Structure formats: structure tokens, C-alpha cells
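Q: Please take a close look at a single part of this model and walk me through it. I am a first-year student, so short steps would help.

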Amino acid sequence: MLDGTNTSGFQRTVLIARNGYIETSSGRVRIENVNLEEDSARIVKREEDKAIYKLDRLGIPLIEIGTYPDIVSAEQAKEAALHLGDILRSCKVKRGIGTIRQDVNISIEGHPRVEIKGFQDVKMFIPTIEKEVVRQLNNIDNKEGKPEVRNALPSGESEFLRPIPGAARMYPETDLPLLKISRDLINEAKRTLPKLRSEVHGELEKFGLQGDSIKYLMANDLIEEYRSLLEILNEPQFIGRVLIELPREISGREGKEVSEILSLDIIENIIKAVKEEKIDKRDVKHVMTEIVNGKSFEDAIKIEKADLSDVESEIAKIVKEKSGLSVGGYMGLIMAKFKGKVSGKEVTEILKKLLM
């Protein structure tokens, strides 16, 4: 039967690399090959007497990574898959459900190889492999084992898909010359290899960022933006607050998405204004809120300053009326009242004097 996913009748494959490896806690897993494959179509619906395919994948290149049979347990298979996934994400491959999939070849002693296709949820790795081992043991007992390709099901079970194709289906394209990759190109690729996400995570932790902030930077591909802002003002936690926390706080308070308004250019200009002492760090949230509510950057940083003698008397009044609050509690009330007309530093100095 014709497979509708191959609209040309066959799939083109080009060998990119061979004989690599990754390390796992259970030992080295060798990479037999890395191939570039042609994608052509995907099935979107199966009915009793027909299947419907969509051609939106025509011409999209796919990377196929094949390992040697070095994986000896379901746990190691999961670890290897996660490590390869980390490498791919560090190289900024397209992400999303279905874009990274695993096919697992499983064979226990006395049973022919079985290929299980369609893994997408890494949580199903171990249960699916374990259930296949049980199925193969039953096959051996019943003398039914045969090589085949099976489809992974959400339950962890699998279903027959097709026989395993033989080697005769693979043949070289005789009209195309071999590609020669220069040593200079290989050396340049090695020099510019991206860091693994796990390594980046460790670096960001050293800056003092917390887990949620790190996840946000990585999930939204903002690592380079964060680093570029650090070059302007080398205060890692403050940069993290301006880039991540304050936009989320303002979005929640204003009840609207603010990421397009508080663009990287705007945030960069705010950081520069802090460095040049045009605004105080404590004024940043006020400035960002003003911009979200329609003011230009230039107008937002023009903060009208209140007379400090009036500020001090007003703060003394607030302290008297709201006795027993923490410094942070008073700060919130005062900054809300003066709406950026007094700096946080000035308020702190007055509070220290009044609360001594």
C-alpha cells in the first residue's frame, strides 16, 4: 500500500555525521549517524476506508539522530532522550508538541527487533518500554515473535503499524556528488557551539536569579537579551526584575498584555536612564506603568519632584495614622501617593529618621 506521507514515493536522506557519543549515568551511548531527512506530508485524520494528509510540511528538513544499541534500560533511554533534547534546544531547533519525536528499537534476548514510533511525551518512555518488554516475553512464551514497526499509544501500549522494511529500500542518489566539509568549517562549528541549557541554567543561578525567572528567560529565548542588558548595567538581579518581574506585575495590575509595549528597546532605554542617573531604580516601575498607559518614554522619565519638606510632613502623617507597619509597607503607601514625584532613596532616608 502506498504511504501517503511520501508524496514523491520515497524519502530523501543525506548523511551529515557519524560516530559521535553522549554520556549518561549508565555509560556512554554512541551516536551512529546524524541524517538530514526530507519531510513531505503528515496524516491529520484516519477514517475506516481512507486517510487524510496535509502537505504543509513539504520541503521542511528534519534531523534524524540514530544511536548504537548501547542503551540497556528504560531509564537510560529516557536519560539519553532528554540529553539529546537539551542539545537540540540549545541549538534553537523548532519547538512544540510533535516537533521532537523518538523512535525506540527494543529487542530482548530471543525476540526479533521491534521499532516503536511516535513517542512525544517523555513521561511515557519508561512505561511504554516496560510494556513492550512484557509483550515480547509473552511472544517468546507463545513462539509468536516477529520483527515489526509499532505505533506508541497514550496508554503506554502499542499497536501494529507495518513490517520492518529491509535494507534493499535504501539506495544512493547516483547523480549527486559527495559533499566535502572542510576542516576550517568543522573548527568554526566547534568554536561557536552553543552552551547546553543545563550549563546556562547554572550560570544564571550564579547571577542570583531564581528558578521561575530562569525558566522564563529560557522558555522565551531571552538569554541573549538578558546578557546584553547586563553589559549596560552589571546588576544581574535588578536586570532580571526589570526584564521579567516588573512587566508581569504591571500586566497583572493593568489587566492587559504589556510585552509589546514594554519592548526590549524600551527596557534598554530605561536601564540606560538608571545608569545615567536620570531616574532612580525605585522609579522604574512607575516609569514602566506610565509607558503602558500611553506616555512616551521621554515624557515618562520626566518625573516632577515634590518639595521634600512637604514630603516629610506627609510621610510623618502616614506613619502616625498607620503605626506599626514595616518599612516596606510604608514605602508602598508613600510611593503610591506621590506617584514618582519622590525617589525611593529619599523616602527611605525620611523613614529611617522618623522610625528611629
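The part chosen is helix 2, with its surroundings added step by step.

A: This is a predicted model. Start with the helix itself. Helix 2 covers residues 125–142, which makes 18 residues. From its first C-alpha to its last, helix 2 reaches 26 Å. That is close to the 26 Å expected at 1.5 Å a residue.

Now ask which residues of helix 2 are buried. They are Phe125, Thr128, Ile129, Glu132, Arg135, Gln136 and Asn139. Because these residues cover an arc of only 120° around the axis, they sit on the same side of helix 2.

What covers the buried residues of helix 2? The cover includes helix 1 (74–90). It also includes strand 6 (102–106), strand 7 (114–119), strand 8 (148–152) and strand 9 (158–162).

Those four strands belong together. They form an open sheet in the order 6-7-8-9, with mixed pairing. Strand 6 and strand 9 are the edge strands, and each pairs on one side only. From one strand to the next, the twist averages 30°. Look at one pair in detail. Strand 8 and strand 9 run antiparallel, and four bridges join them. Find Arg150, then cross to strand 9: the bridge partner there is Phe160.

Next, go to the end of helix 2. Lys143 follows the helix. Lys143 is in the loop between helix 2 and strand 8. Its phi is near 55°, a positive value in a residue other than glycine. Is Lys143 buried or exposed? With a relative accessible area of 79%, Lys143 is exposed.

Another residue can be set beside Lys143. Asn19 also has a positive phi, of about 60°, although it is not a glycine. Asn19 is placed in strand 1 (residues 13–24). Because its relative accessibility is 52%, and exposed means over 50%, Asn19 counts as exposed.

Strand 1 leads to another sheet. Three strands form this open sheet in the order 1-2-5, and the pairing is antiparallel. Strand 1 and strand 5 (61–67) are the edge strands, each pairing on one side only. Here the twist averages 25° from one strand to the next. Strand 2 (residues 27–38) pairs with strand 5 over seven bridges. Across that pairing, Asn33 stands opposite Gly66 in strand 5.

Helix 1 ties this back to the starting point. Helix 1 lies across strand 1, strand 2 and strand 5. It runs at about 120° to strand 1. Helix 1 is also part of what covers the buried residues of helix 2.

Last, move further along the chain, to the largest nonpolar core. In soluble globular proteins, nonpolar side chains tend to be buried together. This core has 37 residues. Leu217, Ile270, Ile271 and Val284 touch the most other members. Several helices each supply at least two residues of the core, among them helix 4 (197–206), helix 5 (211–219) and helix 8 (264–275). Helix 7 gives the largest share, seven residues.

Pick Leu217 as an example. Leaving out residues up to four places away in sequence, Leu217 touches Leu204, Leu209, Leu222, Ile223, Tyr226, Leu243 and Ile244. Ile223 and Tyr226 are among the buried residues of helix 6. The buried residues of helix 6 pack against helix 4, helix 5, helix 7 and helix 8.

How values were computed: Residues numbered from 1 in each chain as written. Predicted model: local features only at pLDDT ≥ 70, side-chain atom pairs only at ≥ 80, totals over all residues. Heavy atoms only, no water. Expected span 1.5 Å × (residues − 1). Buried < 20%, exposed > 50% of the residue type's maximum accessible area, 1.4 Å probe, protein only. Arc of directions from axis to C-beta. Contact = heavy atoms within 4.5 Å. Core = buried A, V, L, I, M, F, W, Y, C linked by side-chain atoms within 4.5 Å. Pairing = 2+ DSSP bridges. Axes fitted to C-alpha atoms, helices over the stretch in contact; angles between N-to-C directions.
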